[in-house]
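Dear colleague,

I am passing on the structure we spoke of, and I would be grateful if you could look through it alongside the notes below.

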Amino acid sequence: MTSPSHANGYRRFALGPVALLARPVAVLACLALALLVMGLAAYAVSRGSYAIALPDLARLLRAPDTGTREQLYILYDIRMPRILIAALSGAMLGLAGAAMQSITRNGLADPGLIGVKEGASVMVLAVILLFPAASVGWRPVAGMAGGLCVALLVILIARDLSRTRFVLVGIGVSWMLSSIVLIFLTTADIRDVQTALVWMTGSLHAAGWPLLSVAAIWALAGTVILFATARASDAALLGDGAATGLGVRLRRLSVLRLAAPVLMTAASVSCVGSLGFVGLMAPHMARFLMRGNQVTLLASSALVGALLVLAADTIGRLAFAPLQIPAGIVMSVMGVPFFLLLLWRRRNQL
């Protein structure tokens, strides 16, 4: 007798003690996205003011001692950390957006739209401007504190995560925090302001291995939380009564599914600045490409987010060379029409 999961196209994939249900088509689509991300990363690493041919790139990655000092410096100290942190930041924002939209049951929800990014920015700017000698490791800590406080404030004011009011309150709070950011910038020393402005635009030119290690730690923690709660989140989408009947602890699930995206968004903002619209666009693009459960949505959103940020950074770095356009500006150019399209499609629900 065919099981319901098989009838719906799901198959069981097991790796040791870990097993999950997924559609083979979705698995193949995720593999294709992963290959696309790796291909774009290879292209981005090889292109720039100093081009590295793909055969030479493969040789340098396989045997670094065969390269010149200039090649090794450009590859390992400049381009590789930049490419990796772009992909990691995009993946974190894609995961955060998918989780936020699922827990709020609102396709317009995004950590950037509810003020989390601005809250993190205010705290990171305070560290940069008031404590310029502080280690970069303190930025994610301060950013996460600011992001969590803003998220709690929006929840207290909106009182309901599942209504559009939640997003609208978040947008209002983000505007208020944006004015605080402007106060910081207009009253600080001009040299500190230049550093802060470069960071705020979402530029990845200063990315390095220390920032990458900090981002990787919080990305791993958030990813584990989201994938561990994916099954419970699928049950929660059936309704509170059905989820409770299936043994889901809704309060704990809400806390975890809200805290993880807030922490990952704050970590991304703290490391590379504001990359708007990634968390909004990536889940919608993932749903357009494939359908499936929360595991499929999370994996595909992470890959699409990584692809978006990598593409934005590569375009900004190469399209107007030697002038470099920050990835955050490129993402805004792509994201604003997408956001307006979503608002138009949901105009009768607002």
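What follows concerns the confidence of the model, the packing of three helix pairs and the salt bridges.

Please keep in mind that this is a predicted model. The mean pLDDT over the chain is 80, and 90% of the residues score at least 70. Among the elements of the chain, helix α1 (residues 4-7) has the lowest mean pLDDT, at 49, whereas α14 has the highest, at 91.

I begin the packing with that last helix. Helix α14, which spans residues 294-318, packs against helix α15, residues 327-345, at an angle of about 115°, and their axes lie 8 Å apart; α14 is therefore roughly perpendicular to α15. The crossing of α14 past α15 is right-handed. On the α14 side the contact is made by Leu308, Ala312, Asp313, Ile315 and Gly316, and on the α15 side by Ala327, Val330, Met331 and Met334. Sorted by class, the residues of this contact between α14 and α15 are seven nonpolar, one polar and one charged.

The second pair is formed by helix α5 (residues 116-130) and helix α6 (residues 138-158), whose axes come within 7 Å and cross at roughly 140°, so that α5 is oblique to α6. Here, too, the crossing is right-handed. From α5 the contact draws on Val116, Gly119, Ala120, Met123, Val124, Val127 and Ile128, while α6 contributes Arg139, Ala142, Gly143, Gly146, Gly147, Val150 and Ala151. Nine of the residues in the contact of α5 with α6 are nonpolar, four are polar and one is charged.

In the third pair, helix α2 (residues 24-46) packs with helix α4 (residues 69-104) at an angle of about 145°, their axes being 10 Å apart, and α2 passes α4 in a right-handed crossing. The residues that meet are Ala41, Ala44, Val45 and Ser46 in α2 and Leu75, Arg79 and Ile83 in α4. This contact of α2 with α4 comprises five nonpolar residues, one polar and one charged.

Turning to charged pairs, the structure holds two salt bridges. One of them joins Arg59 to Asp56, with the closest N and O atoms 3.6 Å apart. Both residues belong to helix α3 (residues 54-62), and because they are three residues apart there, about one helical turn separates Arg59 and Asp56.

With best wishes

Terms used. Residues numbered from 1 in each chain as written. Predicted model: local features only at pLDDT ≥ 70, side-chain atom pairs only at ≥ 80, totals over all residues. Heavy atoms only, no water. Axes fitted to C-alpha atoms, helices over the stretch in contact; angles between N-to-C directions. Helix = DSSP H or I, 4+ residues; strand = E, 2+ residues; numbered from the N terminus. Parallel < 35°, antiparallel > 145°, perpendicular 65-115°, else oblique. Left-handed = near helix turned anticlockwise from the far one by under 90°. Contact = heavy atoms within 4.5 Å. Nonpolar A, V, L, I, M, F, W, Y, C, P; charged D, E, K, R; others polar. pLDDT = per-residue confidence, 0-100. Salt bridge = Lys/Arg side-chain N within 4 Å of Asp/Glu carboxyl O.
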